[in-house]
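I open a fresh page for this chain. My plan is to look up a few places in turn and write down what I find.

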Amino acid sequence: MNLDKFAGQAVRARTRDVPVPELADWGLFEPGEPLVWTVRSLTALEFYRCAEAQNEAVRRLHEALAKALAGADGSIDALRAAADQTPPEFSKKLEMVVAASVSPAIGTQHRDVVVRLSEVHPAVFFRLVNEVEQLFVQGGELGKPRPSGKTDG
């Protein structure tokens, strides 16, 4: 086994262009711009960071139930808040699309765009989720990272 060669291999994230013609009239794309959302594979660390959103929601529910069982002050409000929270699995998938979006580059500062997408076009949202999950299973690809943009010259 050649551990040094394995550790030294250049790797890049897999990407996939996902056609999103349903978003043509929503103002996300400039006129003439291709109606394509590009996503990339997540690393295992990124995947588990997304899973933390799911785990946090479950933790809040457990805390609310513990308060209610103990008869603690505010237990009814805690249970109501837990019942109204975003479903844990949805939180994870939302974070996956946020983290994996290359174009448009979402990042945490534009997370609300993905939330809105899930509300107005859930089928597109879940198509992106499925692509990200497929890319995650495939892992990275050998080779140098692709250029991040066009250059003049």
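**Entry 1: a proline**

In which loop does Pro104 lie? I looked it up in the model, which is a predicted one. Pro104 lies in the loop between β4, residues 101–103, and α5. I then checked the peptide bond that leads into Pro104 from Ser103, and this bond is cis, with omega near 5°. I note for comparison that most peptide bonds are trans.

**Entry 2: a leucine in α5**

Next I went to helix α5, which covers residues 111–120 and holds Leu117. Is Leu117 buried or exposed? Its relative accessibility is 5%, and buried means under 20%, so Leu117 counts as buried. I listed its contacts, leaving out residues up to four places away in sequence. Leu117 touches Leu23, Trp37, Pro122, Val124, Phe125 and Leu128. I also took a distance back to Ser103, the residue before the cis bond. Ser103 and Leu117 are 14 residues apart in sequence, and their C-alpha atoms are 14 Å apart in space.

**Entry 3: α5 against α6**

Several of those contacts made me look at the next helix. Two packed helices are described by the angle between their axes and the distance between the axes. For α5 and α6, the latter being residues 122–138, I read an angle of about 120° and axes 5 Å apart. The two helices are therefore oblique to each other. Which residues make the contact? From α5 I wrote down Val114, Leu117, Ser118, Glu119 and Val120, and from α6 Pro122, Val124, Phe125 and Leu128. Sorted by class, the residues of this contact are 7 nonpolar, 1 polar and 1 charged.

**Entry 4: a pocket**

I turned to empty space. Rolling a probe the size of a water molecule over the atoms shows where empty space is left. The second largest pocket has a volume of about 160 Å³. Which residues line the second largest pocket? I found Leu23, Trp26, Leu28, Trp37, Val113, Arg116, Leu117 and Val120. Leu117 is thus in this lining and also in the contact with α6. α5 gives the most to the lining, with 4 residues. By class I recorded 7 nonpolar, no polar and 1 charged residues for this pocket.

**Entry 5: an aspartate in α5**

I stayed in α5 for Asp112, which is found in this helix. Asp112 has 53% relative accessibility and counts as exposed, whereas Leu117 counts as buried. For a distance I chose Leu94, which is 18 residues from Asp112 in sequence and 9.9 Å from it, C-alpha to C-alpha.

**Entry 6: a loop threonine**

Where is Thr86? I placed Thr86 in the loop between α3 (75–84) and α4 (88–100). Its relative accessible area is 38%, which makes Thr86 partly exposed. Setting aside neighbours within four places in sequence, I noted that Thr86 is in contact with Ala57 and Ser91. Thr86 and Ala57 are 29 residues apart in sequence, yet 7.5 Å apart in space, C-alpha to C-alpha.

**Entry 7: a glutamate in α2**

My last stop was Glu56, in helix α2, residues 44–70. At 32% relative accessibility, I put Glu56 down as partly exposed. I took one more distance, to Val124 of α6. The C-alpha atoms of Glu56 and Val124 are separated by 26 Å, with their positions 68 residues apart along the chain.

How values were computed. Residues numbered from 1 in each chain as written. Predicted model: local features only at pLDDT ≥ 70, side-chain atom pairs only at ≥ 80, totals over all residues. Heavy atoms only, no water. Buried < 20%, exposed > 50% of the residue type's maximum accessible area, 1.4 Å probe, protein only. Contact = heavy atoms within 4.5 Å. 1 Å grid on protein atoms, 1.4 Å probe; cavity = no way out; pocket = protein on both sides within 12 Å on 5 of 7 lines; lining within 4 Å. Points joined across faces, edges and corners; volume = space filled by probe spheres on them. Nonpolar A, V, L, I, M, F, W, Y, C, P; charged D, E, K, R; others polar. Axes fitted to C-alpha atoms, helices over the stretch in contact; angles between N-to-C directions. Parallel < 35°, antiparallel > 145°, perpendicular 65-115°, else oblique.
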